[in-house]
Amino acid sequence: MKIIAINGSPHGKRGSCAQLVQRMFAACEAQGAETEMIALQRRRINFCVGCGKCLSEGVCPQKDDVLEIQDKMRAADGIIFASPVYVMHVTGQMKTFIDRCLPMGHRPSLQGKYAAAVSAYAGIGNIDAVADYLLHFLVGQGAYPVGKVCAFTTNIAVGEQDLEKAAQLGRDMIEAIRQKKTFNWEKLREKTKEFKEMKEFITERKDFAREDYKYWQERGWIDGKKPS
Ligand SMILES: Cc1cc2nc3c(=O)[nH]c(=O)nc-3n(C[C@H](O)[C@H](O)[C@H](O)COP(=O)(O)O)c2cc1C
């Protein structure tokens, strides 16, 4: 069992988000899981340049660490996204990475994975909004939502209560994986405005978003019929 955490904090492996993730990891490791934290701060992740090649050709022409991280997400059983609140949103490091994951949003491939979100803040704004955004991104691709931990921090230090919540989230993740918990993602997606808008986008622009159209058609998401 492999659990991976993508941490968007510039404090990398020393910050509040890292402390929360480490506590989750300790709980997961106690149940025999293998863990890995990727600190985006230490990786080479270029800005998306908006060329759209990921939608038309299926691959991003940029040569940096993004593909390797995405492959690790697809190979993991559990995926944790972590970010502190930075001016009411995720950090630039996390947003840059998420923007580069555009093709994953267009061609969802995380069904059968388990997702959790971790966020830390200093007390200003809506901390839940950041964790909810991170979870929403992963659930949109089919990952089962295990839960989130949002922690108030002072000078990076995280309180024991929040660390215990993180440990519990780690245990919940292992339990969900072991029990193979499922939810009807396709049904949920079909009801959401986002899914309908994406379907319209891909259908109307099928000459441009060729790889998306092919992917959706193969899965019967365009008209409910899979090609024979
Ligand atoms: C540029 C910047 C913007 C921030 N914006 C907010 C904010 O809007 N609300 C808040 O509560 N904390 C804000 N913080 C504080 C961080 O969220 C907080 O220190 C957090 O614990 C850092 O987590 P980390 O150690 O994992 O990086 C900000 C910090 C920085 C440096």
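1. **Classes around the ligand.** Ala, Val, Leu, Ile, Met, Phe, Trp, Tyr, Cys and Pro count as nonpolar; Asp, Glu, Lys and Arg count as charged; the others, Gly among them, count as polar. By these classes, the shell around the ligand has eleven nonpolar and seven polar residues. It has no charged residues. Keep in mind that this is a predicted model.

2. **Who makes up the shell.** The ligand is surrounded by 18 residues. The closest are Ser9, Gly15, Cys17, Pro84 and Tyr121. Two elements, α1 (16-30) and β4 (114-121), give two or more residues to this shell.

3. **Overall build.** The protein chain holds ten helices and six strands. Its C-alpha trace spans about 55 × 40 × 30 Å along the principal axes. A compact globule of 228 residues would have a radius of gyration near 17 Å, and the chain has 18 Å, so the two agree. Of the 228 residues, 40% are buried.

4. **Contacts along the chain.** Take the contacts with a separation of 6 or more. Residues 24 or more positions apart account for 76% of them.

5. **Two domains.** The domain assignment splits the chain into domain 1 (2-183) and domain 2 (184-228). Their centres, taken over C-alpha atoms, are 25 Å apart. Eleven residues from domain 1 and eleven residues from domain 2 take part in the contact. On the domain 1 side, the touching residues are two nonpolar, seven polar and two charged.

6. **Strand β1.** This strand covers residues 2-7. Five of its six residues are buried, so β1 is largely enclosed by the rest of the structure. Its partner is strand β2 (residues 34-39), and the two run parallel, joined by six bridges. Look at Ile3: Thr35 in β2 stands opposite.

7. **Two backbone angles to check.** Most residues other than glycine have a negative phi. Val87 is not a glycine, yet its phi is positive, at about 45°. Met88 is also not a glycine, and its phi is positive too, near 70°. Where do Val87 and Met88 sit? Val87 is in the loop between β3 (78-84) and α4 (92-100). Met88 is in the loop between β3 and α4 as well.

8. **Buried or exposed?** A residue counts as exposed if 12 or fewer other C-beta atoms lie within 10 Å of its own. Val87 has 9 C-beta neighbours inside 10 Å, so it is exposed. Met88 has 12 other C-beta atoms within 10 Å, so Met88 is exposed as well.

Methods:
Residues are numbered from 1 along each chain as its sequence is written. This is a predicted model: local features need pLDDT of at least 70, side-chain atom pairs count only at pLDDT 80 or more; totals for chains, interfaces and linings use all residues. Domain bounds come from an automatic or database domain assignment. Two residues are in contact if their C-beta atoms, placed from the backbone, lie within 7 Å. A residue is near a molecule or strand if its C-beta atom, placed from the backbone, lies within 6 Å of it. Helices (H or I, at least four residues) and strands (E, at least two) are DSSP runs, numbered from the N terminus. The radius of gyration is taken over C-alpha atoms; the globule rule is 2.2 Å times the number of residues to the power 0.38. A residue is buried if 20 or more other C-beta atoms lie within 10 Å of its own, exposed if 12 or fewer, and partly exposed in between; C-beta atoms are placed from the backbone. Two strands pair if DSSP finds at least two bridges between them.
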